[in-house]
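Biologist: I would like to go through this model step by step. Please keep the answers plain.

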Amino acid sequence: MSPKNASRRRAAAALAGAAVLGLALTACSGGSGSSSSGDTLVVYTGQAGDYQVNFNPFSPTKIGGMGTIFESLFFYNKAEVRDPEPLLGTEESWNEDGTVLSVTLRDDVQWTDGEAFTADDVVFTFDLLKATPAINGGGYDGTAAAVDDTHVTLTFATPMFTKAPDLLSTPIVPEHLWKDIDPTADVVEKPVGTGAFTLKEFKPQAYTLESNPDYWGGEPKVKEIRYLSLSGNQAGADAIAAGTIDWQTGPIPDIQNTHENFPDYDAYTQWQNQMVLGTCSNPDLGCEGPQTDPAVRKALYYAMDRDQLNSLAFMDTANDVSPVFTLTPSQDQFVSPAIEEPVASPTAQTDTAVQTLEAAGWAKGSDGIYEKDGERLALTVEVVTGWTDYITAVDTIASQAKEAGIEITAAQSSWNEWTDKRLKGEFELAIDSLWQGPTADPYYLYNYFFVSTATAQVGESAGNNYARFSDPDVDAALASLSSLPLDDVAARQPYFDTIQAAVWEDMPYVPIMTGGTTSVWNTAEFTGWPSDEDLYAFPAVWSAWDCAEIFKHLEPRG
Amino acid sequence: MNYFLRKLSFYAVALWAALTLNFAIPRLLPGNPVDILLAKLQQRGEAVTPETRKAYALLLGGDTSDPLWVQYWDYLKNLARGDLGVSVSYYPAKVSDVILTSLPWTVVLVGVATIIAAVLGVLLGAIVGWRPGTWLDSLIPSTTLLAAVPYFWLALILVYLLARVLGWFPLQGGYDVVLTPGWNGEFIASAIQYGFLPALTIVLASIGGWLLGMRNMMVSTLSEDYILTAEAKGLSPRKILRSYASRNAVLPSVAGFAISLGFVVSGSVITEQVFSYPGIGGRLLGAVTNNDYALMQGVFLFITLAVLGANLLVDLLYGLIDPRTRARA
Amino acid sequence: MTNLKPANTTPVADADPAAPAAPARSGWRSLLPTMTPWLAIGLALVGGIVLFGLIAPLLVGDPRQIRDQGLTPPSAEFWLGTTQTGQDVLAQLAFATRGSLQIGLLVGVLATVLSAFFGIYGAYRGKFLDDAFSLFTNVFLVIPGLPLVIVISGFVPRESRGLWTIAVVLAVTGWAASARVLHAQTLSVRQRDYVAASQVSGERPWRVIVVEILPNLLPVIASQFVFAVIAAILGEAGLSYIGLGASNSATLGTMLFYAQNGFALSLGAWWWFVPPGLMIALFGTGLSLVNFSIDEVINPKLKNLRQHRRRARRALRLERELARASRRTAAVKETDR
């Protein structure tokens with residue numbers, strides 16, 4: 001670190017210290033308690049252990065500020081297929097071939113230090129990304145230009161339709177402050193953004209945001225938001241029981257009866273992550289074991305009794321899953337008509353499982369387990385130690401699969417080891433979940449998990465496609481999709497049909513259920529939470545952009 | 001060679017050996033920090049693409065290709081400068097900063113609790129051992145029961161009863177977070193209120209060991225010839241208890257105390273986990289699960305220094321209390 | 001305390017008249033502990049739990065069997081109720097107890113052997129060897145056990161991972177403290193005249209250690225063993241609680257971990273949360289109680305002291321009956337001697 005930088009940081013720390021002292025005095029005279037009360041919303045994000053100050057929106061170890069302090073051009077709602085919500089941008093449009101993205105900016109926005117927000121800040125931010133590979137997580141390599149104060153264009157060499165949600169979700173930073181700092185190493189102790197909130201004070205055990213009275217969208221009704229650090233889910237559940245936090249996303253005991261047990265709270269579940277038994281599926285890339293036979297994967301799919309799994313392992317918070325991984329029901333419109341079973345059966349279809357196996361040449365051995373060429377149909381599922389819901393799920397699947405003549409054993413290992421095995425392909429089955437892209441569109445999931453560029457030989461570290469699925473037709477379809485606008489439904493569907501047919505045939509990830517993300521929040525003191533009627537954001541307190549939208553919608557009661 | 005000099009040089013060697021182990025252990029762990037960090041991001045619902053991976057590998061330095069001995073040399077050089085490196089899981093925070101924010105909490109909580117437990121236990125043990133067979137002896141089975149209860153189990157039950165059901169104490173945390181940490185009455189009162197249950201857990205769970213150890217040594221010591229001689233000389237029981245029996249019986253407890261203090265830091269992991277206490281234990285656990293080599297090494301180093309320091313101190317004290325030890329040198 | 005249980009009067013009465021002759025007929029008989037109520041309780045606890053761990057797994061059903069009924073309190077069918085996945089808590093407890101006992105025993109033996117070797121032998125030989133051993137001991141003292149567990153489990157093949165790994169790791173990280181205690185004790189004992197005398201008279205070192213030094217250290221070793229067993233069971237429970245325990249095998253620690261993760265306590269499912277913890281606590285208590293009595297056997301001074309005490313008390317009662325002013329116990333002791 002340069003001496004200049006160090007002294008600057010020290011000065012900032014001193015300032016922050018002074019500010020904290022002053023604020024604490026007012027807080028003391030106000031006599032507020034730590035329990036939630038009045039205008040302060042207390043949230044727990046699942047952060048385990050203390051916070052280390054870091055409000056740099058480009059840092060992987062940032063602790064917050066996305067959406068609340070630093071805003072993007074648009075907000076993309078993962079929970080529903082909707083038009084993007086305008087934030088710093090008001091309109092966006094692509095040119096015909098998807099190489100030029102034009103954005104109109106809001107013209108009445110100020111940074112919280114009083115400077116005006118202009119197109120130059122947007123251009124600066126994108127140039128900063130391009131110039132700093134270490135923070136360019138989206139791989140942006142376009143050219144940003146300011147047409148005038150409120151119009152910006154991003155120009156690319158190739159069609160970039162599918163990159164729009166990523167690009168427009170980039171947090172915009174102020175040029176007048178950021179031109180002097182190192183975006184990879186600065187922790188931005190005093191963040192200046194355009195958002196509805198500003199940082200009030202930071203302590204390792206909790207940090208507090210306060211509302212921005214000059215926010216372009218009007219000052220939010222919630223005046224303060226405090227983020228607590230606790231030791232994990234268990235502590236979060238205890239805090240809900242004690243009434244010391246207003247919102248957490250994680251399991252609590254007897255979650256179906258939250259409102260009866262804690263009258264101030266309600267639980268709300270949304271479904272975004274398909275839980276799967278990931279398989280090392282591709283013998284061409286070095287995978288070994290019975291699971292390299294697609295019939296075995298299919299048989300597992302049919303053998304599962306998903307209702308039983310849901311009640312025993314997932315506290316009835318999981319939801320139906322589509323075998324082609326479109327979210328059900330919000331993405332049903334993308335499902336190919338050729339897929340006979342758009343939703344996996346909630347009950348076991350043991351007969352179908354058995355037929356599938358026998359059709360592929362497996363024969364039942366004397367111990368009731370199928371065999372083929374002297375190989376028993378015995379599989380090991382890798383599961384992370386301590387992930388009790390998954391461990392229970394595997395136990396349950398094991399007893400269900402046994403009915404279909406498949407032997408399943410669980411092998412627990414630490415998270416590190418599990419990740420390592422999965423990426424290197426040294427596993428048979430691994431219980432895991434898939435995730436969605438930046439907006440509600442199945443393209444992203446296919447592109448993450450089924451594209452052959454994201455995989456590798458067994459023994460080498462793969463990308464997201466750890467199942468080692470590889471199909472040239474799917475690769476070609478994905479490439480074609482990337483040069484089509486996201487809203488061109490008719491043109492895109494044939495490619496989705498191709499992909500889904502392959503995904504169904506090969507089933508490298510055996511769908512279990514769609515995992516529920518359950519939030520428990522205080523409805524006695526705050527209103528305006530997302531609901532089935534108005535699902536304006538994905539309700540998860542750890543999902544920063546969604547969270548910021550929710551904070552703006554909330555209103556304290558009384 | 002002088003006894004004290006010999007001890008000092010011995011501890012220098014022990015320190016070097018410990019430092020070398022500290023270097024080696026994290027490098028034997030499976031997995032690499034970039035993958036772990038990415039996997040964590042996925043868990044938080046962020047999309048991870050190959051570009052993201054490349055970016056973070058650049059940012060964190062990724063897998064270093066230097067030969068081991070070069071890494072080792074750099075490690076020793078950096079340690080000598082007091083530079084513990086940069087934490088991966090709290091990037092770009094320095095390891096020393098991360099540790100220093102947590103250290104005081106652990107040292108105060110577990111330190112105070114251990115001292116209370118040791119002093120109480122040794123005193124009670126001396127009394128029980130001095131007069132075996134009195135009603136005090138029945139303390140032993142009950143404290144043994146407490147010592148044999150799993151820490152976290154006791155803690156969870158205490159939390160459930162005293163904090164959840166009765167509401168006497170806060171459930172979790174180190175202080176009321178609206179207050180500002182510092183030397184002001186309000187904060188200290190709050191810290192004591194929040195620290196009471198964790199401290200109570202540690203005292204309850206560890207007092208039995210002290211008591212029993214001291215009692216056993218006391219009983220053994222009482223049948224030594226010099227005690228008999230002292231009795232025969234007609235010395236008062238108080239004098240025998242203080243000057244003859246306790247002084248000799250307490251020696252193993254003193255040795256035990258050094259070890260306990262050394263483990264203050266590492267042993268508090270679980271207690272801190274139960275109470276969401278803002279100490280170094282949570283950091284160590286986080287570092288282990290995140291493959292945060294630098295932070296792990298930093299925490300290791302602090303534990304190492306604590307143990308070696310405490311032992312050195314005790315060895316030096318031992319030389320003073322028990323001249324027999326010194327005579328050998 | 002003495003009249004709690006009539007059984008204990010017999011051996012004492014037996015020992016009393018024989019007391020002066022005790023050194024002559026010592027032999028193996030004196031190795032049998034004197035029955036006291038505490039010992040009886042301790043033996044009953046340890047014996048009962050060991051029996052439970054050995055036999056119960058053969059009698060109960062499959063502990064992993066999942067049932068649709070979910071969390072239910074104790075009933076005629078499931079004596080300790082069921083977990084949230086309908087697993088039989090009693091069956092789990094049986095297998096978990098067995099697992100924990102295995103770990104305790106393994107670690108106890110390993111750690112005691114290690115600590116005795118490095119603590120006693122080093123201190124006895126002194127000089128360079130002592131320094132080397134002390135160095136080694138100190139280095140082991142400072143290895144934090146948690147990360148080591150992960151390191152080792154990463155290298156051990158999966159088939160043999162779990163119980164054994166954890167046991168070895170706990171032993172390797174747990175012997176150093178008692179080695180230090182033994183070391184300190186040995187240093188002291190080693191200075192005594194009779195040790196010096198046997199050294200001067202040309203006894204071989206191992207004989208001096210075994211015959212002259214070890215008996216003095218036996219109470220310490222015994223209590224170190226007991227504590228190693230308790231510490232191992234507790235250590236494993238702690239590791240399991242933070243998710244780093246013997247992952248593929250059933251122990252009381254993993255059982256508590258699942259109970260905790262299933263919100264057993266918050267849901268009021270005491271039948272799931274309390275038994276494993278209580279089992280650990282009772283087993284530890286039983287061992288400690290047994291340890292008190294073992295101390296007396298190994299170290300006859302302790303026993304004499306107790307008999308002394310009893311006689312002193314009897315004399316005191318007699319004195320009181322004679323309506324004389326009570327006198328100091330010490331005086332009575334002296335007349336007794």
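**Helix contact in chain C**

Modeller: In this predicted model, C:E236, C:A237, C:L239, C:S240 and C:Y241 of α9(C) are in contact with C:L252, C:G253, C:T254, C:L256, C:F257 and C:Q260 of α10(C). These contact residues comprise 6 nonpolar, 4 polar and 1 charged.

Biologist: At roughly what angle do the axes of α9 and α10 of chain C cross?

Modeller: Two packed helices are described by the angle between their axes and the distance between the axes. Helix α9 covers residues 205–241 of chain C and helix α10 covers residues 252–261 of chain C. Their axes come within 7 Å. The crossing of α9(C) and α10(C) is right-handed, and the angle is roughly 35°.

Biologist: Is A:A454 buried or exposed?

Modeller: A:A454 sits in the loop between α12 (442–449) and α13 (472–481) of chain A. A residue counts as buried if 20 or more other C-beta atoms lie within 10 Å of its own. A:A454 has 20 other C-beta atoms within 10 Å, so A:A454 is buried.

Biologist: What distance separates the C-alpha atoms of A:A454 and A:S231?

Modeller: Along the chain, A:A454 and A:S231 are 223 residues apart. In space, their C-alpha atoms are separated by 34 Å.

Biologist: Which residue of β11(A) is the bridge partner of A:V43?

Modeller: Strand β1 of chain A, residues 40–48, pairs with strand β10 of chain A, residues 224–230, in the parallel sense over 6 bridges. In that pairing A:Y44 is opposite A:L228. β1(A) also runs parallel to β11 of chain A, residues 247–249, and 2 bridges join them. In β11(A) the partner of A:V43 is A:W247.

Biologist: How far apart are the end C-alpha atoms of residues 151–171 of chain B?

Modeller: An unreviewed UniProt entry lists residues 151–171 of chain B as a transmembrane region, along with others including 191–212. Residues 191–212 of chain B are 100% helix, and their end C-alpha atoms lie 31 Å apart. Residues 151–171 of chain B are 71% helix and 0% strand, with end C-alpha atoms 16 Å apart.

Biologist: What percentage of residues 163–182 of chain C is helix?

Modeller: For chain C, an unreviewed UniProt entry places transmembrane regions at residues including 103–124 and 163–182. Residues 103–124 of chain C are 100% helix, with end C-alpha atoms 31 Å apart. For residues 163–182 of chain C, the end C-alpha atoms are 28 Å apart, strand makes up 0%, and helix makes up 100%.

Notes:
Residues are numbered from 1 along each chain as its sequence is written. Chains are lettered from A and ligands numbered from 1 in the order in which they are written. This is a predicted model: local features need pLDDT of at least 70, side-chain atom pairs count only at pLDDT 80 or more; totals for chains, interfaces and linings use all residues. UniProt positions are given in the numbering used here, feature names are shortened, and annotations may be inferred rather than shown by experiment. Helices (H or I, at least four residues) and strands (E, at least two) are DSSP runs, numbered from the N terminus. Two strands pair if DSSP finds at least two bridges between them. A residue is buried if 20 or more other C-beta atoms lie within 10 Å of its own, exposed if 12 or fewer, and partly exposed in between; C-beta atoms are placed from the backbone. Axes are lines fitted to C-alpha atoms, for helices over the stretch in contact, and angles run from 0 to 180 degrees between N-to-C directions. A crossing is left-handed if the near helix is turned anticlockwise from the far one by less than a right angle, and right-handed if clockwise. Two residues are in contact if their C-beta atoms, placed from the backbone, lie within 7 Å. Ala, Val, Leu, Ile, Met, Phe, Trp, Tyr, Cys and Pro count as nonpolar, Asp, Glu, Lys and Arg as charged, and the others, Gly among them, as polar.
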